[in-house]
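Reader: I am new to this structure and would like a friendly walk through its interior. Could you show it to me before we start?

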Amino acid sequence: MGKKKILVTGGTGFIGSHTVVELQQNGYEVIIVDNLSNSSIEVLDNIAKISGIMPAFEKFDLSDQILTSAFMKRHSDISGVIHFAAFKAVGESMEKPLDYYRNNLMSLINLLEGMKVNKITSIVFSSSCTVYGQPDVLPVTEKAPIKEAWSPYGNTKQMCEEILRFSTMANTLKAIALRYFNPIGAHDSALIGELPIGTPNNLVPFITQTAIGKRECLSVFGNDYNTPDGTAVRDYIHVVDLAKAHVIAVERMLNGKCKLDLEIFNLGTGIGYSVLDMINAFEEASGEKLNYRIVPRRPGDIEMVWADTRFANSELGWKAEKNINEMMLSAWNWEKALFSRQPK
Ligand code: UD1
């Protein structure tokens with residue numbers, strides 16, 4: 001029997017590219033669809049350098065129904081879909097809410113329609129711990145209530161989960177929504193990693209860019225939170241651990257092991273680190289001193305969140321393995337690799 005073919009949307013992005021590598025290394029054939037709106041075509045070569053296999057690739061926008069439907073008709077041999085492609089900047093979503101709703105919702109709807117025509121019944125969806133808002137109880141379990149969204153971005157994740165829930169009720173579709181906590185780090189090869197276009201919004205790329213000299217100073221957003229050192233606490237998870245969970249989720253679906261039509265899993269380590277913890281972890285892993293200052297809170301930020309990982313551990317048989325030192329070291333090695341590739 002030939003290899004099973006998985007469609008990875010957003011496969012040239014940060015989490016997507018790491019997942020493509022893991023899929024290939026586990027014997028899957030991958031076809032990527034990405035509009036390259038927040039990633040670069042060179043990622044494909046770097047995936048091939050790691051796995052020895054160049055993934056198939058098509059560049060188009062999944063929010064275009066005609067293009068998506070035509071694509072699905074051309075690829076009727078797809079066994080399952082992992083849907084990463086989406087806009088993900090919280091701040092930007094506050095300024096351009098309709099862009100976020102159109103892109104994130106329409107892409108999913110078009111994909112699901114195409115899957116239905118082709119009788120593809122398995123989809124893994126990129127969700128986020130943002131659906132919980134500020135949880136009342138920590139660590140947060142999958143059963144925690146969904147709170148009113150703080151941003152259009154977060155709202156699109158909630159709405160997409162609802163679209164999946166009702167779609168799985170209406171037909172034979174099976175879906176797994178993976179709620180990521182804070183994915184960071186890069187592949188050990190330093191060939192793929194996070195590549196923010198412009199000024200990074202996220203903490204770790206801002207840290208590594210500051211250390212390499214691209215940014216002058218890291219702003220720590222608030223030290224007056226009700227946390228041990230006053231800075232906000234998150235559950236950071238290595239992107240390769242996250243990628244491995246996707247392979248397990250796909251396998252679970254293709255082998256008919258899902259217990260519910262829509263299954264939901266938290267993907268985190270279960271450990272909370274503050275912003276100052278992260279700065280210390282970076283300094284220890286890299287041996288570099290980081291220039292930072294405390295500034296007021298960033299609007300929309302929650303105080304603290306970390307995952308209850310027991311359900312993912314027991315049901316998926318998956319556990320995050322890499323510690324904070326490995327996360328920071330890989331992120332730093334990736335930043336240094338990017339720097340050395342720059343034209344001088
Ligand atoms: C946010 C979203 C998350 C989304 C992710 C994708 C929420 C609650 N979280 O994560 O769902 O998937 O973006 O981009 O909506 N920080 C600084 N200085 C900086 C940058 C960040 O101090 O320059 C702090 C933040 O205040 C926060 C922590 O670092 O406490 C992590 O921030 P970030 O990496 O942006 O992720 P989240 O906001 O947690």
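Author: Below are a few questions and answers about the nonpolar core and one helix of this predicted model.

Reader: Which element gives the most residues to the largest nonpolar core?

Author: Let's start with the core itself, which has 37 residues. Elements that each give two or more residues to this core include β1 (5-9), α1 (14-25), β6 (174-180) and α8 (239-254). With 8 residues, the top contributor is α8.

Reader: Is α8 largely enclosed by the rest of the structure or largely exposed, and why?

Author: A residue counts as buried when its relative accessible area is under 20%. Among the buried residues of α8 are Val239, Leu242, His246, Val250 and Met253. Because 12 of its 16 residues are buried, α8 is largely enclosed by the rest of the structure.

Reader: How far does α8 reach from its first C-alpha to its last?

Author: This helix has 16 residues, and at 1.5 Å a residue a span of 22 Å is expected. The modelled reach is close to that: 23 Å.

Reader: Which residue of α8 does Leu23 touch?

Author: Leu23 is one of the residues that touch the most other members of the largest core, along with Leu178, Leu267 and Trp318. Leaving out residues up to four places away in sequence, Leu23 touches Ile6, Val8, Tyr28, Val30, Ile82 and Val247. Of these, the one listed among the buried residues of α8 is Val247.

Reader: Which residue just after α8 takes a positive phi?

Author: Look just past the end of the helix, where phi is about 65 degrees. The residue there is Gly256.

Conventions:
Residues numbered from 1 in each chain as written. Predicted model: local features only at pLDDT ≥ 70, side-chain atom pairs only at ≥ 80, totals over all residues. Heavy atoms only, no water. Core = buried A, V, L, I, M, F, W, Y, C linked by side-chain atoms within 4.5 Å. Buried < 20%, exposed > 50% of the residue type's maximum accessible area, 1.4 Å probe, protein only. Helix = DSSP H or I, 4+ residues; strand = E, 2+ residues; numbered from the N terminus. Contact = heavy atoms within 4.5 Å. Expected span 1.5 Å × (residues − 1).
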